[in-house]
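Here are some worked exercises to go through with the model open beside you. Try each task before you read its solution.

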Amino acid sequence: AASPEPHRPQYHFSPKAHWMNDPNGMVYFNGTYHLFFQYYPDGTTWGPMHWGHATSKDMVRWQEQPIALFPDSLGYIFSGSAVVDVNNTTGFGKNGQTPLVAIFTHHNPVLEKQKTGKHEYQSLAYSLDEGKTWTKYAGNPVLPNPGITDFRDPKVRWYEPQKKWIMTLATKDRITFYSSPDLKNWTRESEFGSTVGAHGGVWECPDLFPLTHNGKTVWTLLVSINPGGPNGGSATQYFVGDFDGKTFKPYSTETKWLDYGTDNYAGVTFSNTGNRTILMGWMSNWQYANVVPTDPWRSATTVPRELGLKEVNKELFLTSVPVEELGALNQETVLVNNLTVKDRYELTAKTRNESGLFRLELSTKTAGDFAIVLANEQGNEVVIGYDKTANAYYIDRSKAGKTGFEKGFGKRHTAPRLSVDPKISLTLLVDVASVELFADGGLTVMTDIFFPDTDLTKLVIKSASGIVIPALEYTKLTSSVK
Ligand code: FRU
């Protein structure tokens with residue numbers, strides 16, 4: 001493309017310049033959504049971590065803010081969460097102010113070199129001006145390292161039944177839960193997972209939150225692992241079960257995946273969003289994040305996704321769908337009714353927009369093979385499809401343009417179809433350098449990034465066996481980047 005910044009996401013948050021990874025400290029406060037993120041302001045590869053900051057009124061249009069947290073004598077600022085301390089349990093609020101409190105990992109590079117195994121510990125910072133400026137707590141760290149090498153990524157929430165804070169922490173190959181009355185004094189409650197779930201890599205960035213299913217509270221535990229994802233590299237698994245303020249008990253120990261694509265990692269939920277549970281992830285993968293062909297920045301977040309639960313064959317699965325706020329980006333919609341695709345159907349140039357930003361919604365009358373091909377004149381293509389024999393969705397980016405920067409990048413990724421509904425329904429979100437597939441009400445999700453030689457503005461639907469699409473909705477989206 002003629003764009004000065006090819007591959008710049010147009011409706012996903014990406015920093016103007018330099019490296020980012022995990023979303024951190026996402027919190028809704030006084031009408032503003034805050035996104036903090038792992039950030040290295042001196043380069044486009046991972047380095048000494050800071051917390052970058054962006055704010056938004058709608059989770060769709062983000063404004064980058066000055067860096068919130070800088071490394072200090074205790075170490076780099078690794079991943080963590082933020083809470084609104086409504087009851088001022090910390091005492092950080094003065095004269096009735098409500099403090100925003102960040103709970104993060106300090107990663108100490110000096111201790112790391114000395115191989116003490118104790119170089120990660122948890123600390124606090126607070127803000128009394130809506131996240132603009134932050135003060136590190138003088139008593140840091142609040143949770144010293146007990147002798148566990150990987151001891152990080154605290155996700156904290158208020159547990160109302162017992163009026164205490166719960167910290168969900170990644171501790172090497174398992175999760176450890178801690179509790180506290182004031183965020184400063186922590187008691188170990190229990191651990192989970194050393195013998196269940198996927199263990200192809202270290203456990204990172206957990207999150208524990210309640211959802212409601214048939215009027216009953218069900219707890220979900222997200223655990224990112226790297227490597228060991230279903231299609232290689234980093235990915236996020238989850239468990240559903242009960243939590244009593246002390247122990248998490250899963251209903252089933254079978255490994256389930258939040259997203260089968262390769263590019264949704266370290267995703268966690270916003271604090272303080274009432275009964276909505278909204279996740280954003282890092283739209284990359286440690287397998288190649290440091291070498292993707294973008295400049296002068298690296299990485300973006302996924303779109304915000306609302307999480308829920310759905311029962312299939314008596315088993316509970318997590319669902320993710322794009323938040324409705326994304327509708328703010330809608331331009332014209334083209335509706336095609338009763339479309340029979342035999343071989344190929346191309347959306348004409350008139351219905352497409354040059355930038356290739358769109359949402360596609362379709363459902364098929366019956367589940368049959370089909371593929372949606374995003375392409376350009378250079379012959380680059382990303383293929384998103386359903387394989388009936390395998391009963392699986394897939395995204396194939398092997399011919400997507402630039403793939404040679406890492407040997408495992410140019411691949412076809414698959415995801416099992418979990419739904420038993422005879423008809424398929426899906427939503428596809430396409431930005432300049434990413435596709436997010438939400439199939440069957442968000443039961444199967446895939447997120448993949450790609451780097452075409454020019455933007456993929458052609459859209460072709462193919463089906464050798466033939467499918468009937470009662471309704472196809474193509475909506476052009478507008479850029480949210482200024
Ligand atoms: C996950 C992660 C976290 C860590 C951070 C460091 O991607 O490895 O475990 O806190 O990134 O940047």
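Two strands pair if DSSP finds at least two bridges between them. Strands (E, at least two residues) and helices (H or I, at least four) are DSSP runs, numbered from the N terminus. This is a predicted model, in which local features need pLDDT of at least 70 and side-chain atom pairs count only at pLDDT 80 or more, while totals for chains, interfaces and linings use all residues. Residues are numbered from 1 along each chain as its sequence is written.

**Exercise 1. The partners of strand 32**

Task: find the strands that are joined to strand 32, and name a bridge partner in each.

Solution:
- Step 1. Begin with strand 23 (residues 330-346), which is joined to strand 32 (residues 458-477) by 13 bridges and runs antiparallel to it. Here Tyr345 has Ile461 of strand 32 as its bridge partner.
- Step 2. Go on to strand 24 (residues 358-363), where six bridges lead to strand 32, again with antiparallel strands. Phe358 is partnered by Lys476 in strand 32.
- Step 3. Finish with strand 25 (residues 370-375): five bridges connect it to strand 32, and the two run antiparallel. The bridge partner of Val373 is Val460 in strand 32.

**Exercise 2. One residue of strand 32**

Task: is Ile469 buried or exposed, and which residues does it touch?

Solution:
- Step 1. Locate Ile469 in strand 32.
- Step 2. Apply the burial rule: a residue is buried if 20 or more other C-beta atoms lie within 10 Å of its own, exposed if 12 or fewer, and partly exposed in between, with C-beta atoms placed from the backbone. Ile469 has 20 other C-beta atoms within 10 Å, so it is buried.
- Step 3. List the contacts (C-beta atoms, placed from the backbone, within 7 Å). Leaving out residues up to four places away in sequence, Ile469 touches Leu339, Val341, Leu362 and Thr364.
- Step 4. As a distance check, take Pro293: it is 176 residues from Ile469 in sequence and 37 Å away in space, C-alpha to C-alpha.

**Exercise 3. Two open sheets**

Task: which strands stand at the edges of the sheet 18-19-21-22, and which at those of the sheet 4-3-2-1-20?

Solution:
- Step 1. The order 18-19-21-22 belongs to an open sheet of four strands with antiparallel pairing. Strand 18 (265-269) and strand 22 (315-322) each have a single partner strand, so one side of each has no neighbour in the sheet.
- Step 2. Three bridges join strand 18 to strand 19 (residues 278-282), an antiparallel pair. Among the partners, Tyr265 is matched with Trp282 of strand 19.
- Step 3. The order 4-3-2-1-20 describes an open sheet of five strands with mixed pairing. Its edge strands, strand 4 (62-69) and strand 20 (297-298), pair on one side only.
- Step 4. Strand 3 (residues 50-56) and strand 4 run antiparallel and share five bridges. Trp51 stands opposite Leu69 in strand 4.

**Exercise 4. Backbone angles in loops**

Task: where do the cis peptide bonds at Pro227 and Pro296 lie, and how exposed are Lys172 and Asn214?

Solution:
- Step 1. Asn226 and Pro227 are joined by a cis peptide bond with omega about -5°. Pro227 sits in the loop between strand 14 (216-226) and strand 15 (235-243).
- Step 2. The bond from Asp295 to Pro296 is also cis, with omega near 10°, and Pro296 belongs to the loop between strand 19 and strand 20.
- Step 3. Lys172, not a glycine, has a positive phi near 70°, and its place is the loop between strand 10 and strand 11 (174-180). It counts as partly exposed because it has 15 C-beta neighbours inside 10 Å.
- Step 4. Asn214 has a positive phi of about 50° and is found in the loop between strand 13 and strand 14. Its 7 C-beta neighbours inside 10 Å are why Asn214 counts as exposed.

**Exercise 5. The whole chain**

Task: how many helices and strands are in the chain, and what share of the residues is buried?

Solution:
- Step 1. The chain contains one helix and 32 strands.
- Step 2. Of its 482 residues, 46% count as buried.
- Step 3. The C-alpha trace spans about 65 × 50 × 45 Å along its principal axes.

Technical notes:
Contact = placed C-beta atoms within 7 Å.
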